[in-house]
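Reader: I have a model open here and would like to go through its sheets and helices with you. Could you start with whatever term I need for strand pairing?

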Amino acid sequence: MAPATINHTGSRRLLARMRDVMAGEGADPAKLDRIVTLIAGDLVAEVCSVYVQRAGEVLELFSTHGLAISAVHRTRLRVGEGLVGLIAAQARPLSLDEAQDHPNFAFRPETGEEAFHSFLGVPILRGGRVLGVVAVQNVTPRNYSEEEIETLETVAMVLAELVAGGGLVSRDETRMVDGIGMLPLRMEGMRLNPGLAIGQVVVHEPCIEVRKLVAEDPEAELQRLRLAVDDMHGALDTMLENSEGEHRDILETYRMIAEDAGWLTRIEESVASGLTAEAAVQKVQSDVRARMNQVSDPYLRERVHDLDDLANRLLQHLTGDIHLVGVAEGDSDIILVARSLGPAELMDYDRDRLKGLVLEEGSPTSHATILARAAGIPVVGRVREAFGRIEEGDQVILDGDHGQLFVRPSDDVLTAFMDTMEIRSRRVAAQAALRDEPAITRDGIEVELLINAGVQADMTHFAETGADGVGLYRTEVPFMARATLPNVEDQTALYGRVLDLADGKPVAFRTLDVGGDKLLPYWDPGEEENPAMGWRAVRMSLDRPMLLRHQLRALIHAAAERELKLMFPMVTEVAEYDSLHDLLDMELRRAQKRGVPLPSNLSVGVMLEVPALAFQLEALLPRINFLSVGSNDLFQFLFAADRGTPLLADRYDVLSPPALNFLRSLLLQGNRAGVPISICGEMAGKPLEAMALVALGFRHLSMSPAAVAPVKELIRSMELSPVARYLRSQLKGTDHSLRERLRAFALDHGVAL
């Protein structure tokens, strides 16, 4: 049902009654008991129950109207157990007309709930975190309406404030205390941007407390919201005018997210349901965070941090509490610690003093990480419980090279790292001096080093990387950043700008790799059990050919009288490639018929990610101009191991004999057919792996921009012949990994790892 058709009169009436209870006398448990009775009456339900999440991911029944009172504080469910546990695990509503038929139904005899059939439950969310579950039940089977579901979600917003207030469960119950104090502490995370930094901690806490949740005049609240949105857009426009280079590129994408009509409409709907404008912003953002936590694609997950930033800025404009959270007193170097960070929030801080960034969340594709990378700021992400274990003012050593932190370090550790930083600064300077030098081994073998890119920020400093071109340009990133499908004109301007920034060096444009769990904001193809192997990339393009044809049209226009390299991702069979090339031929004929200048040279390639395609190379290679091996997906499929699952991180190694022999077989076939084969993905950008690839015979490597300098230094330090002989001698073995043997050989032969 479309949101505009929902009648919010009932939810407003219920919220008004809840507001009176919250403002009245009595302890929080008594208020909760009165509220569940109100909810049951308003929704005409025989049962209303509230479960609160306690330490250890346990959901405890705290209050009920309709179930056995003796079950309160006795009935407990683990997160994921039963219907209530399922709601907490998925952070999504669940509506059933026959609850006991659901496979997750867990019978608790002490509650007396066997008499009830229908069930509706929603998560109690605050800041994207599940605090509990509120559920209603009826004796007779019943299909709960969209209005009733939304009413219960709105009620849960108010309950979240009651639960978080500390009157039901102590705030200290789940707080981490280990590591707090003056003892040194080592913490591990994910390397997002290499480098070393030392500084004093500044904790990033931009959240504004919303005190008034229920609106007295929804129309007035809606007007306040729209004025605040206009003010926020104006402030972002001013920030854009004062930015340039990579900062402007990122902020332009961020500004488009701020104009996302769907996000703003959901906030307006929450206001219409009876919440204040501030409470509506918080409710929608909590829901967005909870839903995005279920998505595995890192780029999409990181977009929620941009929305967090925007939500906080919108709250500032609503409350009038507009301030720069990044203005910290003093003149010491700072290490910023945050749960998450939007790009504009990062720019609030003094760039001269900001030396490092620690994130509880974060990924290489987040806008804040990209900006930090461009500014040379080391970043460590996925640091668990950083907020609970690091305090404002702590001294921290941030080791971005190895993804670790040293909090409150001893003098010995501090001295050792300062010496390391001095050595590193000299090495970085030496690598920078190699920027314009070729990547050539000591025995005269030249290797082409290319970069992977996905936003214009990656291209702004392209010349500074010393790369020979762009081996992979991910064209889907601008599609995912926009609220609507970009038209041919917008795409043409974007691709033309990328070619301009490449300044004559080759750029391999990968056509759209979306679908599966990499969803477009304006396109919902439905859920899939295994998105990585689902309806994505060229599978989607062939089923929706105009989407691909428009992109090909824009690329042809952008590359008029220039070289154009096209690469199709996720190709599974030769027939699939032929169909894709037919669409390209249609667009070439169309351009020629209309007098559009064609590219001066057109190269068409394929990204080999599906192992099945490796067995069809004899037929494929004569049809293509180049082949790029997508090592990330290829090895995940080859070894049947999800690379995003921590438990499988060490189950296979790309430096194992089977992996290297597989790559060698691809290379030999390409050499026989005269088709160049490149490697793109994380493997190509790691020095030890790059050494193995060059020793196998690969002469084209594509990597992140930051990896070019260290890989170039490695190549120029190695004599290829002895490394290649040693590697060949190891390929017949059955070892799990050759990593340590190759590392020892490199160190013994003076190779710069």
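Author: Two strands count as paired if DSSP finds at least two bridges between them. This is a predicted model, and in it strand β17 (residues 507-510) is joined to strand β18 (residues 563-568) by three bridges, the two running parallel.

Reader: Which residue of β18 is the bridge partner of Phe-509?

Author: The bridge partner of Phe-509 in β18 is Leu-566.

Reader: And what lies across β17 and β18?

Author: Helix α19 (residues 545-558) lies across them, and its direction is at about 160 degrees to β18. Helix α26 (residues 708-717) also packs on the sheet, where it touches β15 (448-453) and β22 (700-703) and makes an angle of about 165 degrees with β15.

Reader: In what order do the strands close into a barrel?

Author: Eight strands close into the barrel with parallel pairing, in the order β15-β16-β17-β18-β19-β20-β21-β22. Neighbouring strands of this sheet are turned by 25 degrees against each other on average, if direction is ignored.

Reader: Back to α26: why is it described as largely enclosed?

Author: Because seven of its 10 residues are buried, α26 is largely enclosed by the rest of the structure. The buried ones include Val-711, Leu-714 and Ile-715, and among the elements that cover the buried residues are α13 (411-433), α25 (687-696) and β22.

Reader: Different topic: which side chains of β7 are buried?

Author: Along β7 (residues 185-188) the side chains alternate, so to speak, with Leu-185 and Met-187 buried on one face, while Arg-186 and Glu-188 point to the other and are not buried. Strand β7 pairs with β14 (residues 404-407) in the antiparallel sense over four bridges, and Met-187 stands opposite Leu-405 of β14.

Terms used:
Residues numbered from 1 in each chain as written. Predicted model: local features only at pLDDT ≥ 70, side-chain atom pairs only at ≥ 80, totals over all residues. Heavy atoms only, no water. Axes fitted to C-alpha atoms, helices over the stretch in contact; angles between N-to-C directions. Contact = heavy atoms within 4.5 Å. Buried < 20%, exposed > 50% of the residue type's maximum accessible area, 1.4 Å probe, protein only.
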